[in-house]
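Trainee: Could we go through this model together, one question at a time?
Mentor: Happy to! Have a look at it first.

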There are 2 protein chains.
Amino acid sequence: MVSIKDIAKKAGVSISTVSYALNGSNKVTDETSSKILAIAKELNYVPNAAARNLKKRETKIVGVFLTDFRGDVYGDLLHGMKEISNLQGYDLIVCSGEQSHKMLPERMIDGAIILDQMFASEELLKYADLGHKIVVLDRELDHPNINQVLLDNKAGATLAMEHLIELGHKKIYVVTGPEGSYDSMQRMKAVRMVSERSHDVECIEISGNFEKTGGEKAAEQIIAEYKEPVAVFCLNDEMAIGLWNRISETDLKIGEHIHLIGFDNIELAGYMQPRLSTINYSKQKWGALAAEQLLKLLSGDTVENERIYVTLVRGESANRV
Amino acid sequence: MVSIKDIAKKAGVSISTVSYALNGSNKVTDETSSKILAIAKELNYVPNAAARNLKKRETKIVGVFLTDFRGDVYGDLLHGMKEISNLQGYDLIVCSGEQSHKMLPERMIDGAIILDQMFASEELLKYADLGHKIVVLDRELDHPNINQVLLDNKAGATLAMEHLIELGHKKIYVVTGPEGSYDSMQRMKAVRMVSERSHDVECIEISGNFEKTGGEKAAEQIIAEYKEPVAVFCLNDEMAIGLWNRISETDLKIGEHIHLIGFDNIELAGYMQPRLSTINYSKQKWGALAAEQLLKLLSGDTVENERIYVTLVRGESANRV
DNA sequence: TTGTACGCGTTATCAG
DNA sequence: CTGATAACGCGTACAA
């Protein structure tokens, strides 16, 4: 590996001169500087990140932690984060799995954005205590080094419920996310609130998992209990699709017997026939805002917790009874 | 930041003893070892990655380079890579954009997997010359430090073409990928080969871009020229969907007037009505194999170039004329 | 303008 | 078994 030492030797100068020249300092003659640069190029010199990081005590990298690389939601989200990060001279890397958690405390990255239920809150708080900057997208954590950028889950769930009720539905199945999911819990709170103030509406909870399988399982129960047209609010689109798949195997029709609404507006939702009703929000903006907040934290600014707004997408999967 | 020096001071031993204890060497009494470990925990000691990397000259991280985080193909692919990497004690990070290219030469990562047409081959060869290990999934490069794991594009394109011909089609539009795309070029080679040996088949090339917009544009031309049922082979599913969308706005029906086949078998393909015919391959296996090859390169083993096999998925988007 | 010397945190070598 | 010391590559205050 060629280091500044090698360049110094070849150029007949000291390593500090090389370092100055490489970093464009004006402490070096243009002549020697250009000579050094030429030699550096000739020797294929590349600075060593580890050495630089060790000295500068920062890496100019932010890490995003996801539960899994699969899932339609992530693409735009990451795109938004990357744009903002790059703009400010930071690189963005995506990590997944418990093994990579150590990257934050070991200072491989300068900060982290968390969208991974498997990343325990206690662990995050521990890192925050050590001075690491974190933005969470999937929970609420009160700590000066942690900022949260959350979806307006309550507004979204309320929109969905009120939409179904407005369409005249009196019996609504609600398929939840996995236990412990912040998004699921928030959405359920809103669901129950709407349910309580709508006395003539029967609300039946089915526990799900935010995956297709959860929707399929819920479908079983709904099919078994079916007497007359009902409404179903799946707390995310993925489950709505799973439920849809299972329903398709029966004589029941989505939008006619089963009136369905989801949450997330994933790409697939737009291609279902009839179109899946759902709750939409800008994933890219969400990512961008998260990155923005993290960078502010890193530069020592104070930041407010932000919220991402949501809207109703009226498809034909839920209609008037 | 607490370092081994702090621990050494507090424990009244030297830093080397601390290092040994921390790394579980048997050169230390159990007594001092456990004392040191206790102090380390008490002080919230976390080793510094930069210092370790600097010394050990490796990071135990492999990087994957993608053009863009969006795109359905990546999820399973990355999942496959991560599984294999983690199994061998490596972390996997996902990078995108030119800014992050430097991570390889700067030794932030031990090796790279490339699926990014924007990552120039000359650049890759330069890094390979410097001794860096690379696996490419989107081109052919002959270099001892570079291994390639490629799709069997020719087999796939041949399967698709022969399927359409077998169904009795005499006029086949082929929508290509962007210029310079290796996958597109390989698939086109096979298309032309089949076309040449099928004298009664007319083959019309339309240049695309592997994105929805390419399919939409191709649709315009096909609609304008439409006289009787024709077949279309979009060199990837994304374009097939784009084409589909545009066709849906006309009176023409997919599977009846326009007989369509794609390539990739993305999730959405399975949800189109009628189901999109396409070429399938295991994305997870592809990723796993890529990671495997990279790890072999890193451990100095010699590796053969591998190929990912493909199969035909018969949907109802292409039928007998 | 250039060179010297030290620090960053870890590991490895060599003495004791 | 333990300790002192020297790398690793880079950045920078300070001295020349």
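**Domain, DNA and symmetry**

Mentor: Keep in mind that this is a predicted model. A UniProt record, an unreviewed entry, places the feature "domain: HTH lacI-type" at residues 2-56 of chain A.

Trainee: How much of the span 2-56 of chain A is helix?
Mentor: The end C-alpha atoms of residues 2-56 of chain A lie 20 Å apart. Strand accounts for 0% of that span, and helix for 67%.

Trainee: Which side chain has a polar atom 2.9 Å from a phosphate oxygen of DNA strand C?
Mentor: In chain B, an N or O atom in the side chain of Ser19(B) is 3.4 Å from a phosphate oxygen of the strand. The 2.9 Å distance belongs to Arg57(A).

Trainee: And which side chain has an N or O atom 3.4 Å from a base oxygen of DNA strand C?
Mentor: Of the strand's atoms within 4 Å of the protein, 60% belong to sugar or phosphate and the rest to bases. Among the closest of the 29 residues surrounding the strand are Ser14(A), Lys55(A) and Tyr45(B). The side chain with that 3.4 Å distance to a base oxygen is Tyr20(B).

Trainee: What relation links chain B to chain A?
Mentor: Chain B can be laid on chain A by a turn of 180 degrees and a shift of 0.0 Å along the axis, with an RMSD of 0.1 Å. That is the relation of a two-fold axis.

Trainee: Through what do the copies meet?
Mentor: Of the interface residues of chain B, 100% are also interface residues in chain A. The copies therefore meet through the same surface.

Note on methods: Residues are numbered from 1 along each chain as its sequence is written. Chains are lettered from A and ligands numbered from 1 in the order in which they are written. This is a predicted model: local features need pLDDT of at least 70, side-chain atom pairs count only at pLDDT 80 or more; totals for chains, interfaces and linings use all residues. Side-chain values use heavy atoms; hydrogens and water are left out. A residue is near a molecule or strand if one of its heavy atoms lies within 4 Å of it. A polar contact is a pair of N or O atoms within 3.5 Å; within protein, one must be able to donate a hydrogen and the other to accept it, and residues adjacent in sequence count only if both atoms are side-chain atoms. UniProt positions are given in the numbering used here, feature names are shortened, and annotations may be inferred rather than shown by experiment. Helices (H or I, at least four residues) and strands (E, at least two) are DSSP runs, numbered from the N terminus. Copies are superposed by least squares on the C-alpha atoms of residues with pLDDT of at least 70 in both. Contact means heavy atoms within 4.5 Å.
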